[in-house]
Amino acid sequence: MIEFFVDHYAHVSLSILIGIGFFGMVAKRNLIKKLIGMSILQASIILFWIVTAEKDDATIPIIRKGDGAVDPTEYVNPLPHALMLTAIVVSVVTSGVAIALLVKVYRNYGSLEEKDVLGQM
Amino acid sequence: MIRLPPQMKIAITLLGVTVFGTSLLYAISAVPDHGAVYAPAHRDTSPIGSTTPGTYYLRNAYADAKTPNVVTVVLADYRSFDTLGETTVVFCGAVCVMLLLRAKFREWR
Amino acid sequence: MLRRRSDNLIVRVTARFVAPLIQIFALYVLFHGHYSPGGGFQGGVMVAASIILLRLALGHRATQRVMVTSVATMGAALGALVFAAVGAVAWRYGGEFLDYGVIPFSDEVAQRRSHGILLIELGVALACICALVSIYDDTLTSAGRGEDRDD
Amino acid sequence: MRFDLLPHAPVIVPLAFLVGAMLAVLGTLFRPRWAQPLAVAVSAFATLVAAGGLVHVLAEGTIRYQLAGWRPPLGIELVMDPLSAFLTLLMAGVGLLVLIHSRPIVPRELPGRETAFYAASLLLLGGLCGLVLTGDLFNLYVFIEIVSLSSYALLGIGSKRAPFSAFRYLVMGTTAGSLYLLGLACIYMRTGTLNMADFAAIVPEVADQVPVQIGVVLLLTGLALKSALFPLHGWLPDAYTDGGSTATALIAPIGTKAALYAMLRVTYFLLGPALVADGALVADVIAYLGAAGILWGSFLAMSQRELKRMLAYSSVAQVGYIALGIGLASGYGFIGAVLHIVNHACMKACLFLVSGNLRQVVHHSYLPNIDSSVRRKMPWSMAAFSVAAVSMIGLPPTAGFFSKWYLALGTVEQGRWVLLASLLISTLLNAVYFVRVFEQIYLRPAREGAGGRPASGEAPLSMVVPTVVFAVLLLVLGVGNALLVDHLLLPMLGGGAS
C-alpha cells in the first residue's frame, strides 16, 4: 500500500487535484470560484498527460549531439508535451471566454453569486 | 428541479469526487511499467507492429527537420494541423470575446 | 471597474523600463525555439504580457499607440492566415497541405522543413500576441460601461 | 499549373470556413454589412467542394489525406469516406441555408456585431466539418474545442439570461472536454498512438487492460456530456432557449450531433460492434440512457408553452434516439442512428427557422398566442412547419419515419421490448405536442384585431426560401432514403464495422 503511494506519488496527487477541481466546479456557489475550479481541473489533466511522457533517468527532448543515431531512452517522450501545448492554449482561451461571459452576467444581474442570479430569474 | 440543502449537496459531491478519484487510481495501479522505457507509449512499435510515434519522433526529428528541439518539430511539422487548429482556437477566442463584449466597432478606429 | 487609474510614478517608470526587456527576451524565446524550449506561443504570450503590463500601468487610452485594439483583432486573423497560407503554398509545389518539404527555401529537404517551422511559428506568435491583447482590451474596456444591454 | 481540387477536398472544406472567418475579420471589421454575403459565399464554396468530394469518394473510394505528407501514425490524417463525406456536406449545407436565412435577423438582433457573429459562425462550421473528417483522436479534441468556444459565444448573446446559461454550458462543456482528454491520456498510456485506424487495430490486443477500459468510459462520458445525453442534458434547454434565433438554428441541428457522430465513430469503428457487444455494459448503458432521454425530453417538451423551449426539450429526446441507435451496436442501430442524425439536422433546422420567422413577423413565438391568423399571414412558413412536425412525429412520407423504423427494427431484432416501448410512447408524445400546435394554426379562429391585413405578412424571401428548402429536403430524404442506405451506409458497415 505505502509502496503504491510512493511509486505513484504523481498520479495520487494529480487524482486529488482533479477531485479538488471537480469539487470546486460543482459545490462552489460563486461563479468565479467555479471558474477557478475549472482551471484547476484543466491544469491537473495537463499534468496527468505530462506524467505519461515520463521515462526513468531521461531528460527534456532536445537532441544534444546533432548527427548520428539518437538513443530514445535518454529523452522523455515528446508527443505528450506537444499535445499539451495545444491543450494549455485551449484552456487559456476558454478562461478568457468564460470571463467575458461573466462580465456580461455581472452587467445584467449585478452579482456573481449563483444564488443572487438564480433569484432574479 | 429538486433543491437540496447545501450540506447535503456538498456531501454528495464529495462522495462522487472520491469515487471518481478512486476509480482513476485503480486504473493507474494496473499500470505496472510506469516510467519504464519499455512502457507501450515509449516502445518502437505497437503490439500489431505499427510505428509508435513518440519514439519515431525522437529518433528521426533531427534528420527530418534539422531542429534539435523535438517538441517544436512535433508541434510545427509532424502534427502541424493540430497547431493550425490551436491558432484558430486563439483567433476564435478573440472573435468570441469581441462578439460578446465589444459594443461599438467604430469606437476604436 | 478600474476607472480611477492610480498615478503612481514608480509603477509607471518600472513598467516602461521592464516592458522592452520582456519583449527582447520574448524575441529570444521565439527565435531560439528550434534549439531550446520555446517557440511561437511562448514568445507571443510574453510580448502580449508586456503590452498588457503597459496597459495596466499607463492606462488604456495612452497605450493605444503601442497597439490599437482593432489592429490587434485584425492581427489575430492575419497571424492565423499566415499559417494557413504557408500550408497552402505547399499545394503550389505539388505537396500535401502543410508539407514544407516541397517548398524550395533551400536545396535540402530537412532545411526546408526547418525554415517552414520558423515561418509558421512567426504566424502563431503574431496571432497569439494580437489575440490576447484583443481579449484583454475587450474585457477591460467594456467592464465599466453601463450601456449596451442586450435586451 | 493545374490544381486538382477534389483529392484535397477533406482539407479544403474545413479550411475554407476557417480562412473565411479570418477574412471576415480582416475585411469587414469596419464594413459589417459585407459580413453576411462573405459568409454565404464561403459556405456556398465549401458546400460545393463537399458535394464534389462526396461524388469523388463514391466514384473512387475513400480519401485518406495525410497532412504535411507524414504517413498516419506519425502525422494527422483526414478520412473522407462515404459517411463522413455525406455528413460534411450536411454540415456545410445546413450552415449555408441558415446563414442565408439570417440576413434580416442578425442586424436586428445584434446591431453592430455582424462581423463577429459571422466570423464565429464560420468558425463553428469549420470546426464541425473538421470534427467529422478527422482521423486522429487528439485532432478531434481540438476541433471539439473550436466548436464549443464558438457555441458558447454565439449562445451567450441573446436575452438577458443568455450569458448565465452560456456560462453553465461552458462549465459543462469544459468538463466534457477535460474528461475526453483524461480518457485519451489513459488510452495513450497503453497504446502509444492517437490515430483512429491504428488504434482500432491495436484495441483487440489491449482491450482487457483496466486503464484502456476506464479510458474508453471517460472518453464516452465526455462525448455524452457534450451531446447532452439524458442525465447530462441539464445545460441544453436553457442555453438553446436564451440564445438568439440564428445562433440556435445553427447550433441545435448540427452542434450536438457532431459529438454524437464522434461517439458513433468511437463505438462502431474504434471499438467495433463485436467488442461493444462483449463489454455489453457500455452499449447497454448508452441505449437505456438514450431511451430514458427520449421519454424525459418528450414529456418536458409537452409541457412547454414557448416554441423555442419546446424544441430545445425535444432536442434532448432526439439525442436519445441517436444514442439508442448507437447503443444497439448492430447494423440496424447504425443505420437508424446515422439517418436520424441527418433527419434531425433537417427537421430541427426547419423548425428553428420557422421560430425565427415567427419572431421576425409577429415578434414572438409563444404558443398559446398562435392562431390561424398566423397561418394566413405566413402560409409558406407554416406549411414548412407542418412538414417538419409530421417528420418529428414520424409519419411515413417524411424522413423522420424511416430513421425510427430502422431503430425499431433494431430493437425488435434483439428483442429489447423496453426500448421499443420507449420509441412508441415517445412517438405518441411527439404527436400530442405537435398536434396541439396544428390545432392552433389550422383550426383556432383568429382573435379580434389580429386579422386586419391577412395575406401580406410573410417573412422576407431570404428567410422563407431556406425554410421551404429544408421542408422539401425532408420529403426528398424520406423518399430517397433507400438510396442513402444502399450507397452510403451499407458500404460503411461492410468495410469498418462488421
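A residue counts as buried here when its relative accessible area is under 20%, and as exposed when that figure is over 50%. Keep that cut-off in mind, since it comes up for whole chains and for single residues alike. Keep in mind, too, that what you're looking at is a predicted model.

Let's start with a residue that puts the cut-off to work. S227(D) has a relative accessibility of 0%, so it falls on the buried side. You'll find S227(D) in the loop of chain D that runs between helix 9 (210–226) and helix 10 (235–242). Leaving aside residues up to four places away in sequence, the residues that S227(D) touches are T256(D), A259(D), L260(D), M263(D) and V319(D).

A second serine of chain D makes a nice companion. S355(D) sits in a helix, namely helix 15, which covers residues 331–361. With a relative accessible area of 1%, S355(D) is buried because that value is under 20%. Again setting aside residues up to four places away in sequence, S355(D) touches L307(D), K308(D) and S365(D).

Now zoom out to chain D as a whole. Its secondary structure comes to 21 helices and 2 strands. The radius of gyration of chain D is 22 Å, and the globule rule gives 23 Å for 498 residues; the two are close, so chain D is as compact as a globular protein of that length. If you'd rather think in terms of a box, the C-alpha trace of chain D spans about 75 × 60 × 45 Å along its principal axes.

How much of chain D is buried? Of its 498 residues, 68% are. The contacts tell you about the sequence range involved: taking those in chain D with a separation of 6 or more, 80% are between residues 24 or more positions apart. As for the surface, chain D has an accessible area of about 14600 Å², and carbon and sulfur atoms account for 68% of that. On the charge side, chain D carries 29 positive and 22 negative side chains, with 13 Å between the centres of the two sets.

Next, the place where chain D meets chain B. Contacts there involve 54 residues of chain D and 46 residues of chain B. Together the two chains bury about 4400 Å², with carbon and sulfur atoms giving 74% of this area. Which three residues of chain D supply more of the area it buries against chain B than any other three? They are F30(D), W70(D) and L74(D), and they supply 15% of it.

Chain B itself is built from 4 helices and 0 strands, so to speak an α-α-α-α run when you start from the N terminus. Of the 109 residues in chain B, 62% are buried. Its contacts are worth a look: among those between residues at least 6 apart in sequence, 0% join residues at least 24 apart. Chain B exposes about 4300 Å², of which 64% is supplied by carbon and sulfur atoms.

Over to chain A, which has 5 helices and 0 strands. Its radius of gyration is 20 Å, well over the 14 Å that the globule rule gives for 121 residues, so chain A is more spread out than a compact globule. The box for its C-alpha atoms, taken along the principal axes, is roughly 70 × 40 × 15 Å. Buried residues make up 57% of the 121 in chain A. For contacts in chain A with a separation of 6 or more, 45% come from residues 24 or more positions apart. Chain A exposes about 5100 Å², and 65% of that comes from carbon and sulfur atoms. It has 10 positive and 11 negative charges, whose mean positions are 18 Å apart.

Finally, a bit of backbone geometry. Most residues other than glycine have a negative phi. D57(A) has a positive phi, near 60°, and isn't a glycine. D57(A) lies in the chain A loop between helix 3 (31–52) and helix 4 (78–109). Is D57(A) buried or exposed? Its relative accessibility is 80%, so D57(A) counts as exposed.

L98(C) is another residue other than glycine with a positive phi, near 75° in this case. L98(C) is found in a loop of chain C, between helix 3 (69–92) and helix 4 (109–143). Its relative accessibility is 0%, so L98(C) counts as buried.

Technical notes. Residues numbered from 1 in each chain as written. Chains lettered and ligands numbered in written order. Heavy atoms only, no water. Rg over C-alpha atoms; globule rule 2.2 N^0.38 Å. Buried < 20%, exposed > 50% of the residue type's maximum accessible area, 1.4 Å probe, protein only. Contact = heavy atoms within 4.5 Å. Areas by Shrake-Rupley, 256 points an atom, 1.4 Å probe, with all protein chains shown as cover. Lys, Arg positive; Asp, Glu negative; His and termini not counted. Charge placed at Lys NZ, Arg CZ, Asp CG, Glu CD. Buried area = accessible area lost by both parts, 1.4 Å probe.
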